[in-house]
Amino acid sequence: KQLGCRSGIIAWTHRSRFERGVSLAGSHPTATLLDYGCGDGTFLTFAAGHFAASVGADVAPDQIEDCRRRLAGIPGMSFCEIRDLEGPEHTGAFKVVTCMETLEHCPEPALTHVLNDLNRLCAPDGAIIISVPIETGPTFLLKYIVRTLAAWRGISQYSYYERYSPGVAVRMLFATSRTVIERPEYSYPALPPHYSHYGFNWRSLRARIAGELEIEKTEFSPWGWSGGWLSSQVWFVCRPRR
């Protein structure tokens with residue numbers, strides 16, 4: 001939806017995110033890629049051809065069935081539910097594990113479960129590539145304006161966007177790694193409780209990830225030169241910790 005969005009800036013930022021993900025994942029013609037939290041499979045279509053095989057996993061059964069139907073013609077690509085990865089045959093089976101735009105939605109204990117999974121599923125010499133949105137600092141204000149304009153234009157996926165009180169907005173604008181905003185949990189049929197983007201603080205999550213994985217580098221997209229002040233996504237390139 002975002003790649004075909006009528007808002008040019010929304011389409012561009014999402015395309016740049018997938019392109020950065022492909023760049024960070026690299027090319028491994030004899031290895032297997034796992035996209036953990038694959039959603040509609042868009043990233044895997046961008047990465048097709050860079051790996052011998054690729055697997056998309058998600059918690060939503062209907063999402064997985066839809067991916068299987070739409071993307072059945074792409075060689076080496078398969079899909080499964082997250083719970084299907086619990087077997088010992090999957091431990092250390094993936095050279096690169098990506099987890100894009102997923103962790104910001106995970107309350108505890110789901111966050112702990114996902115981080116443990118990423119650590120377990122990645123090969124000892126592999127890479128774990130995590131991306132989450134930036135919703136603090138100047139980016140918070142820029143995104144708020146863009147999303148509000150998109151809602152005014154009738155772009156359906158932005159028709160409902162949570163409003164921030166002035167006090168919470170100021171805290172998001174000047175958030176540090178210690179800033180904590182109360183985040184409402186949502187629950188829909190066939191999906192576990194989850195967060196929206198409201199109140200998400202990437203700096204707090206970075207500290208949490210560092211307790212479970214070895215973070216080798218942190219990057220931003222787009223406009224990586226801004227150090228995250230004018231970027232929409234942050235990337236953590238990690239190694240598993242055994």
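For the purposes of this description, Ala, Val, Leu, Ile, Met, Phe, Trp, Tyr, Cys and Pro count as nonpolar, Asp, Glu, Lys and Arg as charged, and the others, Gly among them, as polar. The structure is a predicted model.

Under this scheme, the lining of the largest cavity divides into four nonpolar, four polar and one charged residue. The residues concerned are Ile134, Thr136, Gly137, Pro138, Trp202, Arg203, Gly227, Gly228 and Trp229. Two elements, helix H5 (137-152) and H7, each give two or more residues to this lining. The space inside the largest cavity comes to about 50 Å³, and the count of cavities of 30 Å³ or more is one.

Among the pockets, the second largest has a volume of about 340 Å³. Its lining consists of 17 residues, and Arg183, Tyr195, Phe200, Asn201 and Ser204 are those that lie nearest the centre. By class, the lining of the second largest pocket holds nine nonpolar, four polar and four charged residues. The element that gives the most to this lining is helix H7 (residues 202-210), with three residues. Helix H7 is also one of the elements named above for the largest cavity.

On the surface, Leu142, Trp223, Trp225, Trp229 and Leu230 make a nonpolar patch of about 600 Å². Trp229 also belongs to the lining of the largest cavity. Leucine 230 is found in the loop between strand E8 (214-221) and strand E9 (233-239). Its relative accessibility is 35%, so leucine 230 counts as partly exposed. Tryptophan 223, another member of the patch, lies in the loop between E8 and E9 as well. Tryptophan 223 has 40% relative accessibility and therefore counts as partly exposed.

Salt bridges were examined next. Side chains of opposite charge can pair when their charged atoms come close. The model has 13 salt bridges by the rule applied here. Aspartate 66 takes part in a salt bridge with arginine 69, where the closest N and O atoms are 2.5 Å apart. Aspartate 66 also meets arginine 70 in a salt bridge, at 2.7 Å from N to O. Arginine 69 and aspartate 66 both lie in helix H3 (residues 61-70), three residues apart, which is about one turn of the helix. Aspartate 66 and arginine 70 are four residues apart in helix H3, again about one turn. Buried means under 20% relative accessible area, exposed over 50%, and partly exposed in between. Arginine 69, at 59% relative accessibility, therefore counts as exposed. Aspartate 66, at 22%, counts as partly exposed, and arginine 70, with a relative accessible area of 39%, is partly exposed too.

A salt bridge outside helix H3 joins arginine 241 and glutamate 214, with 3.0 Å between the closest N and O atoms. Arginine 241 lies in the segment after E9 and glutamate 214 in strand E8, so this pair ties together parts that are 27 residues apart in sequence. Both residues are partly exposed: arginine 241 has a relative accessible area of 30%, and glutamate 214 has 38% relative accessibility. In addition, Arg20, Lys217 and Glu219 are linked in a network of salt bridges.

The backbone was considered last. Most residues other than glycine have a negative phi, and most peptide bonds are trans. The peptide bond from glutamate 108 to proline 109 is cis, with omega near 5 degrees. Proline 109 lies in the loop between strand E4 (94-100) and helix H4 (110-121). The peptide bond from serine 221 to proline 222 is also cis, with omega near -20 degrees. Proline 222 is located in the loop between E8 and E9.

A positive phi of about 55 degrees is found at glutamate 101, although this residue is not a glycine. Glutamate 101 lies in the loop between E4 and H4, the loop that also contains proline 109. With 15% relative accessibility, glutamate 101 counts as buried, because the cut-off for that class is under 20%. Tryptophan 223, which is not a glycine either, likewise has a positive phi of about 55 degrees. The loop between E8 and E9 thus contains the cis-bonded proline 222, tryptophan 223 and leucine 230.

Conventions:
Residues are numbered from 1 along each chain as its sequence is written. This is a predicted model: local features need pLDDT of at least 70, side-chain atom pairs count only at pLDDT 80 or more; totals for chains, interfaces and linings use all residues. Side-chain values use heavy atoms; hydrogens and water are left out. On a 1 Å grid over the protein atoms alone, a cavity is a set of points where a 1.4 Å probe fits but cannot get out, and a pocket is an open set with protein on both sides within 12 Å along at least five of seven lines; lining residues have an atom within 4 Å of a point. Grid points are joined across faces, edges and corners, and a volume is the space filled by probe spheres set on the points. Patches are made of residues with over 30% relative accessible area and no salt bridge: like charges are joined within 9 Å, nonpolar side chains (Val, Leu, Ile, Met, Phe, Trp, Tyr) within 5 Å. Accessible areas come from the Shrake-Rupley method with a 1.4 Å probe; for residues, only the protein chains shown count as cover. A salt bridge is a side-chain nitrogen of Lys or Arg within 4 Å of a carboxyl oxygen of Asp or Glu. Buried means under 20% relative accessible area, exposed over 50%, partly exposed in between (1.4 Å probe, protein chains only).
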